[in-house]
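I opened this one at the bench with a coffee and a list of things to look up. My notes are below, in the order I made them.

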Amino acid sequence: LLGGWGCKGKAPIASGPDASVQPAPDALLSDAPPTDAESKIPEGWKVFENEEWGITLAYPGGWYYRQLPEQETGNTNSMEVVFNQEPIVSLPDSDPVYPLMLSVRVGTIADELALARNAQIPEQVVINGRSFTKVLYEQELVDLTFASYMLEASGKVYVIDGLANLPEIESVVASLAVEVRP
C-alpha cells in the first residue's frame, strides 16, 4: 500500500458514490469460490469494478471511493483504491488515513509479509468459503490497529486493508470477486 502497509495514501481529489456500477459478475476463484457472487453483497451496498485487473469489491452504499492513478502510487504493477465515509478531498501536503483500501499487485503474499512492519503473526481465516491470510498491525504515527486480508491468485496478491474495528470489514472481504485469467 501507499507508504508501506496501512490505509495511508496521498491526498486524492474529491469523488462520490457511483450509482451506475452494476452488481459483481460471477467471477470465481479456483480455491473453493462462492457459487453466487451477488448473494455476498449486503443490501444497499455498491460495487467497485476494475475490468483491467479483473476485480470487483462491494462497499457500503453511502461511502465514497477513488482509484489512485499510477503517478500517485508510483507503481505500474499495481492498482490501489481508497474508500471513506466522507467525500475524498484533496488537501495539500497531507497524508490522510483511510478506513478501507484495496490493493492489487503483481506478486505473492510472501512479498507482502516481507514488507510488514509492526505486524502480528499472520493467521489463516476462512470468509465466505475462501481462505485469506489475515494480519493485524499498528499504523505508524497514529494510534490505530488495521487488519490486512490477503488472497493470492494468477500471479497477483489482492490486499484489503481496513481499520480492525470497522464493522463492515468482513463483508467487504466476503464480496471480493477476482476473475482468474490465464
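These entries go from the whole chain to the sheet, and then to single residues.

**Entry 1: the whole chain**

I started by noting that this is a predicted model. I counted elements next: the chain has three helices and 10 strands. Reading from the N terminus, I wrote the order down as β-β-β-α-β-β-α-β-β-β-β-α-β.

Then I looked up burial, and 47% of the 182 residues count as buried. The chain exposes about 8,700 Å², and carbon and sulfur atoms supply 50% of that area. I also checked how far contacts reach along the sequence. Taking contacts between residues at least 6 apart, 58% join residues at least 24 apart.

**Entry 2: the sheet**

In what order do the strands of the open sheet lie? I traced seven strands as β3-β4-β5-β9-β8-β7-β6, with antiparallel pairing. At the edges I found β3 (64-68) and β6 (123-127), each of which pairs on one side only. From one strand to the next, the twist averages 25°.

**Entry 3: around β9**

I spent some time on β9, which covers residues 156-163. Is this strand mostly covered or mostly open? Mostly covered: eight of its eight residues are buried.

On one side β9 pairs with β5, antiparallel, over seven bridges. I picked out two facing pairs here. Leucine 102 stands opposite isoleucine 160 of β9, and valine 104 has tyrosine 158 of β9 as its bridge partner.

β9 also pairs with β8 (residues 145-153), again antiparallel, this time over eight bridges. In that pairing, phenylalanine 146 has leucine 163 of β9 as its bridge partner. The β8-β9 hairpin leaves two residues between the strands, and serine 154 takes a positive phi near 50° there.

While in β8 I clicked on leucine 151. Leucine 151 is buried, with a relative accessible area of 1%. I put a distance on leucine 151 and valine 104: their C-alpha atoms are separated by 9.6 Å, and the two residues are 47 apart along the chain.

**Entry 4: the β6-β7 end**

Next I went to the β6 edge. β6 and β7 (residues 130-138) run antiparallel and are joined by five bridges. One pair I wrote down is glutamine 124, whose bridge partner in β7 is threonine 133. The β6-β7 hairpin has two residues between the strands, and asparagine 128 takes a positive phi near 55° in it.

**Entry 5: salt bridges**

How many salt bridges does a search of the whole structure find? Two.

The first one I looked at joins the side chains of glutamate 80 and arginine 105, at 3.2 Å from N to O. Glutamate 80 sits in β4 (residues 78-84) and arginine 105 in β5 (residues 100-106), so this pair ties together parts that are 25 residues apart in sequence. Both glutamate 80 and arginine 105 are buried.

The other joins the side chains of glutamate 112 and arginine 105, at 2.8 Å from N to O. Why do I call glutamate 112 buried? Its relative accessibility is 3%, and the cut-off for buried is under 20%. Arginine 105 comes out at 9%, so arginine 105 counts as buried too. The salt bridges share partners, and Glu80, Arg105 and Glu112 are joined into one network. A reminder to myself: side chains of opposite charge can pair when their charged atoms come close.

**Entry 6: asparagine 50**

Last lookup of the day was asparagine 50, which lies in β1 (residues 46-50). Is asparagine 50 buried or exposed? Buried, because its relative accessibility is 8%.

I then asked what the side chain of asparagine 50 reaches. The side chain gets to the backbone nitrogen of tryptophan 53, at 2.7 Å. Leaving out residues up to four places away in sequence, asparagine 50 touches Ile55, Gln67 and Met79.

**Entry 7: to keep on one page**

For my own recap, I would start the next session from two spots. One is the network of Glu80, Arg105 and Glu112. The other is β9, with eight of eight residues buried.

Key: Residues numbered from 1 in each chain as written. Predicted model: local features only at pLDDT ≥ 70, side-chain atom pairs only at ≥ 80, totals over all residues. Heavy atoms only, no water. Salt bridge = Lys/Arg side-chain N within 4 Å of Asp/Glu carboxyl O. Helix = DSSP H or I, 4+ residues; strand = E, 2+ residues; numbered from the N terminus. Buried < 20%, exposed > 50% of the residue type's maximum accessible area, 1.4 Å probe, protein only. Pairing = 2+ DSSP bridges. Axes fitted to C-alpha atoms, helices over the stretch in contact; angles between N-to-C directions. Polar contact = N/O pair within 3.5 Å; in protein donor to acceptor, adjacent residues only side chain to side chain. Contact = heavy atoms within 4.5 Å. Areas by Shrake-Rupley, 256 points an atom, 1.4 Å probe, with all protein chains shown as cover.
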